[in-house]
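Here is a briefing on selected local features of one protein chain. Have the sequence and coordinates open while reading.

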Amino acid sequence: MSGPATPRRVEVTVDRPANGGESVGRADGRVVFVRGAIPGERVVADITDDRHDSYWRAEVAEVLDASPHRVAPRCPAAAAGAGCCDLAHVAPGHARDLKQAVLLDVLDRVGRLPGAIVAGTELATDGVRRLGDADTGWRIRTRLAVDGRGRPGQSAFRGRGVVTEACVQPAPGMLDGLADRGFTPHSELAVVLDADGARHVTELAPVAEPRRGRADSRRRAQQNRARHARPRAQRVVEGEATAVQRVGGRSWDIPVAGFWQAHRDAPRAYAETVVDFVGAHLGGPPRVAWDLYGGAGVFAGALLDGPAGAPDTVHIVDSDPAALDAAEQAFAGGGDRVHTHRGEVAARIADLTARPDVVVLDPPRTGAGERVIGAIADARPGIVVHVGCDAARFARDLGYFAARGFRVVDIRGFDAFPLTHHVEAVACLVPAADG
């Protein structure tokens with residue numbers, strides 16, 4: 001005899017934010033993660049995933065008691081089902097409060113960092129910083145999906161469709177006219193505004209279809225990421241294959257389909273934070289610096305130009321050949337101070353034999369992990385600056401550092417993706433014996 005059927009619709013009062021943009025409540029004895037709800041609200045939610053015994057996932061169907069922080073959704077694409085602006089229904093100031101709460105929660109639960117330490121950081125005392133003065137029109141780099149009719153748009157939330165309604169993230173004029181041009185069906189478009197406001201568009205060939213067969217959702221997601229990571233043919237549609245970007249007095253030629261921060265103000269803000277932390281907590285000018293997952297070397301440039309005194313040597317490690325080509329071009333003519341190392345950080349870090357005074361690491365969403373952090377700790381740097389774009393893995397990595405004898409002295413949070421749940425954080429750590 002089968003058990004009672006799972007209700008397809010439940011009433012939930014949500015009481016706290018969850019990492020990932022959902023809010024958490026309880027219904028029928030289970031934890032429910034509700035997309036589209038704001039903590040404090042009572043909602044009716046449709047169950048979207050009931051495969052787990054201890055929790056369900058759901059989406060708001062009706063708001064019964066609305067939060068005072070609920071606003072009319074600001075993004076037409078998200079309202080039409082795109083995965084872009086998942087917090088477009090939340091007042092931006094309150095969204096930053098939610099992001100602060102999520103970061104503080106994972107630093108406690110995942111990182112297991114002492115509360116007294118975290119309480120003294122800027123993140124705890126001042127909250128998540130706003131970048132720039134606008135919560136829309138901040139994006140200068142984006143990827144668009146192209147549907148089967150050649151029309152570009154935003155990818156649907158957890159789906160294979162393409163939403164052609166406009167998103168409010170791209171800078172004004174950035175996507176003008178693209179909807180009227182035909183592109184290769186199922187391709188992708190990389191669209192970038194350079195430092196002078198000129199637009200560059202590159203089309204990436206469609207991703208090869210996966211082999212037919214059965215796989216669970218996690219395996220399918222891994223396969224999908226792997227397929228998108230493989231090299232694909234590229235065609236310049238407009239502008240050039242590279243775009244000039246500037247931070248401080250330095251310039252970089254970045255491939256249009258390569259990595260650069262999406263928010264126009266993020267590279268400068270993060271670079272200034274690295275320099276601030278080094279100047280405040282190192283105790284003297286650095287001699288050797290490691291810029292791990294360093295890409296084109298924005299942090300390397302900031303250290304070389306910083307007021308604390310330039311290091312004699314900076315080592316940039318990254319697995320992206322195009323990014324390191326941009327770094328080598330940017331630092332050409334600067335003598336023998338900048339060295340690039342191509343390959344995965346976990347494999348190449350053993351080649352860095354000189355003891356670093358400063359280590360800056362900016363890993364992908366998967367984080368640095370225990371192996372890389374162990375190698376950094378073994379090198380005994382005077383200061384570590386860790387940049388994280390996934391809250392839980394950022395907290396996990398800080399926990400690994402704590403276990404290896406490092407102490408957090410400050411953390412800054414940045415609202416680098418307004419109207420979304422994503423948040424960027426930068427932590428400064430020193431050897432625990434120093435404090």
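The points below cover three single residues and one helix pair. The model is predicted. Glu-22 counts as buried, and so does Ile-140. Glu-272, by contrast, counts as partly exposed. Helices H10 and H11 pack at an angle of about 40°.

**Glu-22**

- Glu-22 sits in a loop that runs between strand S1 (9-17) and strand S2 (23-27).
- Its relative accessibility is 8%. Buried means under 20%, so Glu-22 falls in that class.
- The side chain of Glu-22 has a polar contact with the side chain of Arg-57, at 2.9 Å.
- Arg-57 is also on the contact list of Glu-22, along with Pro-17, Phe-33, Val-34 and Arg-35. That list leaves out residues up to four places away in sequence.

**Ile-140**

- Ile-140 lies in the loop between strand S6 (128-130) and strand S7 (141-146).
- At 7% relative accessibility, Ile-140 is classed as buried, because the class takes values under 20%.
- Beyond its neighbours within four places in sequence, Ile-140 touches Met-174, Val-191, Val-192 and Leu-193.
- Its further contacts include Gln-245, Trp-260, Gln-261, Ala-262 and Arg-264.
- Ile-140 and Ala-296 are 156 residues apart along the chain. Their C-alpha atoms are separated by 17 Å.

**Glu-272**

- Helix H6 (residues 266-281) holds Glu-272.
- Glu-272 has 41% relative accessibility. Partly exposed covers the range between 20% and 50%, so Glu-272 belongs there.
- The C-alpha atoms of Glu-272 and Phe-299 are 8.9 Å apart. Along the chain, 27 residues separate the two positions.

**Helices H10 and H11**

- H10 spans residues 369-378, and H11 spans residues 391-403.
- Their axes are 9 Å apart, and the packing angle is about 40°.
- The pair is therefore oblique. Angles under 35 degrees would count as roughly parallel, and roughly perpendicular starts at 65.
- The crossing of H10 past H11 is right-handed.
- On the H10 side, Gly-369, Glu-370, Ile-373 and Ile-376 make the contact. On the H11 side, Arg-396, Asp-397, Tyr-400 and Phe-401 do so.
- By class, this contact has four nonpolar, one polar and three charged residues.

Technical notes: Residues numbered from 1 in each chain as written. Predicted model: local features only at pLDDT ≥ 70, side-chain atom pairs only at ≥ 80, totals over all residues. Heavy atoms only, no water. Helix = DSSP H or I, 4+ residues; strand = E, 2+ residues; numbered from the N terminus. Buried < 20%, exposed > 50% of the residue type's maximum accessible area, 1.4 Å probe, protein only. Polar contact = N/O pair within 3.5 Å; in protein donor to acceptor, adjacent residues only side chain to side chain. Contact = heavy atoms within 4.5 Å. Axes fitted to C-alpha atoms, helices over the stretch in contact; angles between N-to-C directions. Parallel < 35°, antiparallel > 145°, perpendicular 65-115°, else oblique. Left-handed = near helix turned anticlockwise from the far one by under 90°. Nonpolar A, V, L, I, M, F, W, Y, C, P; charged D, E, K, R; others polar.
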